[in-house]
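Please look through the chain shown below, first as a whole and then at a few of its helices and residues.

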Amino acid sequence: MQGTTPIRSGQPALEPTQLQQDGLQSVDERWRHAMYLHQPCEGLYVSCINGRPASQWAFRAEGPPAFSINILLEGRIQTALDDGSVLDVRSGSAILMASGQHVSGWDVLDGKSEGAFRLASIHIPQAVMSSLTGLEMDELRSRAHAIGGSQSHIDAFLAAIPASSGLRRVASDLIGLSSGHPGACLARDLYLRAKAFEAIACFVQENLTRRQAALPVPGDRARLVEARALLEQGYEQNWTLQTLSRAVGLHEKRLQSGFQALFGGSVHACLTRIRINAAITQLQRGVSVTETAFNCGFANLSHFSRVFRSHTGLSPKQCAMGGNPRMPPLAGDAFQALN
């Protein structure tokens, strides 16, 4: 996407409520076939893109105060608020946007350079988000300040972060639900609503709980995030507290206490959760139980089965056959942690 020119202000704007009203007529036809729009309940908009458009699509976007999470599984996105810094986002990332005023900006979706494009987007108006979490937008932005992306000239922020294994799993579920059940479907809408709220809970648990304020050394946050990213990217490796602390240059005790404060669990607990999320995704895609155990870093099949059942309430085989695994937050209910 290098060298892409931001589009001009005269082009039509795309905003979830407008897309719901107008359908997909305003969408580039090369992308239209891959795009799915849903409003599973009042105030919640879910849109997914899943296909190979083999092109770039540039458009302006604007809308009233809102909160959104956009989880990019494949492809690239360039995005910015007007007069703000440009984010060049790769696959495996989540884009967070929160605004306390009407904002406008632009996006360039790139389904050309990397082939497939898979994106799950969740959009919630400010009032609904406040009702759901008990957080006003000012407090939400304040808690997310450490993520970066503040826009000093407006009441909004835009930031990109590595998408956790939990967010990637939920995004994959949303895309599957969107494309697998065309037309109105009560069961689908219930599942979409549940999955969208699960994504918000996952994001809140990982990024916005008050545990962040308890970090022993605030300057350690960048290394802790780096350590978590290493686990996400290489969960099949034989990580230990010692090898991870060496990789990020942080003392073992500070690494362990930092993980507990920032992510709500020990290094081992976080790694296990990442592996289980990855295992769920692989099993649901048809990978065998034995291969999944090996791919996700478990030493033997019996250990994998025991850990998987303790975390999800199902055996790996039951999950592979369509069972619905439960994955509670790492350290209690995410919304209780907000209070």
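Two residues are in contact here when they have heavy atoms within 4.5 Å of each other. Among contacts in the chain between residues at least 6 apart in sequence, 70% join residues at least 24 apart. The model is a predicted one, in which local features need pLDDT of at least 70 and side-chain atom pairs count only at pLDDT 80 or more, while totals for chains, interfaces and linings use all residues. Residues are numbered from 1 along each chain as its sequence is written, and side-chain values use heavy atoms, with hydrogens and water left out.

The secondary structure comes to 13 helices and 12 strands, both taken as DSSP runs numbered from the N terminus (helices H or I, at least four residues; strands E, at least two). Of the 339 residues of the chain, 51% count as buried, a term that stands for under 20% relative accessible area, with exposed meaning over 50% and partly exposed in between (1.4 Å probe, protein chains only).

The loop between α6 (186-207) and α7 holds Asp220, which counts as buried because its relative accessibility is 6%. Leaving aside neighbours within four places in sequence, Asp220 is in contact with Leu250 and Arg254, and its C-alpha atom is separated by 7.5 Å from that of Gly258, 38 residues apart along the chain.

Arg254 and Gly258 also take part in the packing of two helices, since they are among the α9 residues that α7 meets. Two packed helices are described by the angle between their axes and the distance between the axes. Helix α7 (residues 221-233) and helix α9 (residues 252-263) pack at about 85°, their axes 10 Å apart, so α7 is roughly perpendicular to α9, a label for angles of 65 to 115 degrees. From α7, Arg221, Leu224, Val225, Ala227, Arg228 and Leu231 meet Arg254, Leu255, Gly258, Phe259, Leu262 and Phe263 of α9. By class, this contact has eight nonpolar, one polar and three charged residues.

Helix α10 (residues 267-284) has 18 residues, which at 1.5 Å a residue should span 26 Å, and its end C-alpha atoms are indeed 26 Å apart. The helix is mostly covered, with 15 of its 18 residues buried, and it is followed by Gly286, whose phi is positive, near 100°.

Cys270 counts as buried because its relative accessibility is 2%, and Cys41 likewise counts as buried at 17%. How many disulfides are there, if one is a pair of cysteine sulfur atoms within 2.5 Å? By this rule the count comes to zero.

Note on methods. The expected span of a helix is 1.5 Å times one less than its number of residues. A disulfide is a pair of cysteine sulfur atoms within 2.5 Å. Axes are lines fitted to C-alpha atoms, for helices over the stretch in contact, and angles run from 0 to 180 degrees between N-to-C directions. Angles under 35 degrees count as roughly parallel, over 145 as roughly antiparallel, 65 to 115 as roughly perpendicular and the rest as oblique. Ala, Val, Leu, Ile, Met, Phe, Trp, Tyr, Cys and Pro count as nonpolar, Asp, Glu, Lys and Arg as charged, and the others, Gly among them, as polar.
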